[in-house]
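Welcome! Let us take a short walk through a structure that may be new to you, one region at a time.

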Amino acid sequence: MTMVQTKPESPNTDADDQGADLRLAAITKRFGGFLAVDNLDLEIPAASFFALLGPSGCGKTTTLRMIAGLEQPTSGSMSIGGKDITGTSAHERPVNTVFQNYALFPHMSVLDNVAFGLKRRKIRDHQAKAKQALELVELGHLSARRPAQLSGGQQQRVALARAIVNEPALLLLDEPLGALDMKLRRQMQGELKRIQTDIGLTFVHVTHDQEEAMTMADTVAVMNQGQVEQLGAPRELYELPRTAFVANFLGKSNLVAGEIIEDRGDAVVISAGGNRLAVRKDRSTTHQGKALIGIRPEKLRMMWPADAPADGSNILRGRVLDSSFTGVSTEYLVEVAGIGPVGVFSQNHGQQLAAPGDDVVLTWDTAHAFGLDGDEDTQAGAREAEAAAT
Amino acid sequence: MSLLTAPRSAKAKPEETRSASEIRADKRRGRVGYLLILPGFIFMLLFFVLPVFSLLATSLYTKPPGADIGQFVPALQFSNYAAVLGSYWPELVRSFAFALIATVAALAIGYPMAYLVAVRLRGRKLLQGILLVLIIAPFFTSFILRTQAWKQILADEGPVVAVLRAMALLPEDGRLTATAFAVVCGLTYNFLPFMTLPIYANLERLDTRLIEAGGDLYANSFTTFRTVTLPLSMPGVIAGTLLTFIPASGDYINAALLGNNQNTTMIGQVIDSRFFRVVDYPGASALSFVLMLAILFLVILYVRRFGTKELL
Ligand SMILES: Nc1ncnc2c1ncn2[C@@H]1O[C@H](COP(=O)(O)OP(=O)(O)O)[C@@H](O)[C@H]1O
Ligand SMILES: [Mg+2]
């Protein structure tokens with residue numbers, strides 16, 4: 001990756017670009033009376049792959065456009081590498097965008113498209129540098145073509161090359177893979193990740209695809225209705241969601257409402273539909289009163305009533321409503337009295353499968369459960385997750 | 001690989017496997033196409049091709065000795081061309097100069113108007129509609145009436161002259177009517193919609209995300225305009241400038257109503273007077289023909305220099 005190592009006339013000389021953190025402070029954006037982004041605080045460390053994940057309409061694009069300078073915030077401030085950029089216009093910011101529809105210039109060759117930003121900043125050898133960037137995305141042989149003569153996937157790479165060739169402090173990608181088919185999308189996910197690691201730029205990647213966010217990003221911010229619900233490493237978000245929205249939007253969760261009835265010191269016990277369900281205190285946002293307890297479907301163990309422990313916590317008895325065998329695993333829906341339907345993913349170990357109508361017992365490790373505020377809607381984010389998946 | 005390509009090659013039928021009925025259907029479609037262009041073809045033949053030949057023939061007629069006014073006989077008198085060019089080349093050059101200035105002025109006025117309506121006001125349908133109607137509104141009154149109105153506006157007793165004199169931008173005895181300035185103003189005004197509308201139609205389709213991409217790639221708004229917006233709107237600009245320049249160079253109303261009879265005469269006026277007053281049909285025809293060829297020549301030069309593939 002020679003193109004970044006030799007950077008004598010690096011674009012953003014004053015902001016030591018590779019070490020430039022982005023900081024948003026209390027950013028709010030209103031469109032008329034509509035609150036698109038609500039008092040957003042965000043810090044994106046340099047050289048990280050940061051994903052902004054959320055359902056359509058939650059304000060991801062608006063946030064990205066404010067960072068790019070294509071939209072000005074109604075209030076709040078932002079800085080890159082400690083330097084305030086609030087109110088500056090797009091062409092003054094050390095930031096480049098890969099647009100959702102690519103926005104390639106149709107009247108220019110692929111090479112001229114890529115060289116555009118370099119020429120504007122009067123960088124020497126812009127043609128050679130553009131050529132190098134095109135080679136990085138494996139399109140060196142198509143540099144004389146017009147964008148209209150390229151496939152969607154190729155246009156996407158040109159858009160990427162056109163942005164990274166400028167070695168911006170921050171590269172913004174707005175659903176860059178949204179228009180590609182599934183196979184190409186998976187391939188480009190790997191490629192984007194490789195390029196990011198190779199050149200070490202900060203990537204801010206907007207997507208509504210949770211799988212994409214989790215496989216690519218170091219840090220994921222889950223956004224909902226103009227606010228960040230939770231931010232962290234993908235594993236952290238998945239294993240310990242802090243809101244019902246995150247629990248349902250990022251993977252699936254069984255959320256059960258109940259009342260905390262016992263404090264065991266390091267854990268609390270929640271009573272729900274006559275069952276005693278334990279959750280560790282450090283994994284619960286609430287320690288008394290009403291609470292939701294959440295368990296991921298794959299964390300549930302399903303057994304026959306004869307094999308189940310006699311009594312205690314973390315035991316749910318129910319009847320299989322529905323089962324679907326997918327090969328690697330079987331997905332069950334189990335009706336539990338007093339709680340309702342509970343989803344279970346059971347990995348295929350060659351065990352005997354349960355059929356609808358069978359009585360089963362569900363159990364799990366206390367360490368896998370998480371507790372949420374009792375006021376939350378158990379279905380929050382579930383519909384959005386479904387919409388995002390289609 | 002063969003699995004992937006198999007259905008595709010089945011879809012694209014090679015010529016030899018096409019059935020006879022498909023080929024017949026193709027031929028029928030071809031015939032319908034020709035039938036549809038027939039009216040236009042006949043129209044062009046009757047009202048363009050034949051008149052041009054008639055014009056060419058007339059331009060070579062000669063006046064037999066002792067003939068009455070307006071009496072000519074067919075001939076091949078090429079000296080008609082030398083005669084009219086020798087007498088009227090200044091008017092020809094002036095026509096093109098006036099038309100050129102008017103075209104540039106109309107572009108300078110029309111492009112920003114088109115840009116405002118098509119790009120800046122995008123999405124505000126009502127305002128766009130009102131402004132478009134205002135651009136087209138002058139067409140609702142007659143060309144001559146509008147030009148006559150300009151004569152009033154620019155008249156010596158009119159408000160414009162009064163203000164300019166008061167501001168000392170015009171000498172005390174200075175005037176606007178009966179000057180080259182007035183003629184060019186009239187031309188600019190009268191052909192402005194022809195400039196504005198094609199540019200509007202083009203800019204209306206401009207993807208504004210490209211303008212944002214320009215800004216994102218370190219181009220300020222002027223550079224973005226120069227490198228993105230303007231090149232993309234060139235087809236509209238070319239169409240607009242042609243639709244302005246061509247009629248403006250042959251126009252005689254503006255020069256007749258707003259000019260004087262000495263240094264603002266345009267070639268259209270000369271042709272008009274050769275035809276209807278002097279009754280010199282060959283001379284008028286020769287001038288018309290020269291004007292036509294000159295415009296054609298200039299247009300080809302222009303389009304080859306700036307044009308897009310769409311036009312040539
Ligand atoms: N220019 C605008 N004018 C009015 N509303 C807007 C504008 N841009 C976005 N919005 C609204 O703001 C919300 C967030 O939009 P957006 O940031 O595009 O969402 P996302 O990218 O997450 O799908 C949406 O409800 C959208 O309708
Ligand atoms: Mg969006």
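**The largest pocket, then ligand 1**

A good place to begin this predicted model is the lining of the largest pocket, to which many elements of chain A each supply at least two residues: helix 6 (182-199), helix 7 (210-216), helix 9 (244-249), strand 11 (254-263), strand 16 (315-325), strand 17 (329-336), strand 18 (340-347) and helix 10 (382-389). Helix 10 of chain A gives the most, with six residues in the lining. The volume of this pocket comes to about 1,000 Å³.

In total, 38 residues line the largest pocket. If you would like to find its centre, look for A:Asn248, A:Gly251, A:Lys252, A:Ser253 and A:Glu386, the lining residues that lie nearest to that point. By class, the lining has 18 nonpolar residues, eleven polar ones and nine charged ones.

Now let us turn to ligand 1. Which residues are around ligand 1? Following the chain, you meet A:Phe31, A:Phe34 and A:Ala36, then A:Pro55, A:Ser56, A:Gly57, A:Cys58, A:Gly59, A:Lys60, A:Thr61 and A:Thr62. Sorted by class, this shell has five nonpolar residues, five polar residues and one charged residue. Strand 2 (34-44) and helix 2 of chain A each supply at least two residues of the shell, and helix 2 provides the largest share, three residues.

Some of these neighbours make polar contacts with ligand 1. In the side chain of A:Thr62, an N or O atom sits 2.5 Å from an oxygen atom of the ligand. For A:Thr61, an N or O atom of the side chain is 2.6 Å from a ligand oxygen. With A:Gly57 the backbone takes part: one of its polar atoms is 2.6 Å from an oxygen atom of ligand 1. As for cover, the protein hides 59% of the 560 Å² of accessible area that ligand 1 has on its own.

Let us stay with helix 2 of chain A, which spans residues 60-68. How many of its nine residues are buried? Seven are, so with buried meaning under 20% relative accessible area, this helix is mostly covered. The buried residues are A:Lys60, A:Thr62, A:Thr63, A:Leu64, A:Met66, A:Ile67 and A:Ala68. Two of these names will be familiar, as A:Lys60 and A:Thr62 are also among the residues around ligand 1. Just after the helix comes A:Gly69, where the backbone takes a positive phi of about 90°.

Note on methods:
Residues numbered from 1 in each chain as written. Chains lettered and ligands numbered in written order. Predicted model: local features only at pLDDT ≥ 70, side-chain atom pairs only at ≥ 80, totals over all residues. Heavy atoms only, no water. Buried < 20%, exposed > 50% of the residue type's maximum accessible area, 1.4 Å probe, protein only. Helix = DSSP H or I, 4+ residues; strand = E, 2+ residues; numbered from the N terminus. Near = heavy atom within 4 Å. Polar contact = N/O pair within 3.5 Å; in protein donor to acceptor, adjacent residues only side chain to side chain. Areas by Shrake-Rupley, 256 points an atom, 1.4 Å probe, with all protein chains shown as cover. Nonpolar A, V, L, I, M, F, W, Y, C, P; charged D, E, K, R; others polar. 1 Å grid on protein atoms, 1.4 Å probe; cavity = no way out; pocket = protein on both sides within 12 Å on 5 of 7 lines; lining within 4 Å. Points joined across faces, edges and corners; volume = space filled by probe spheres on them.
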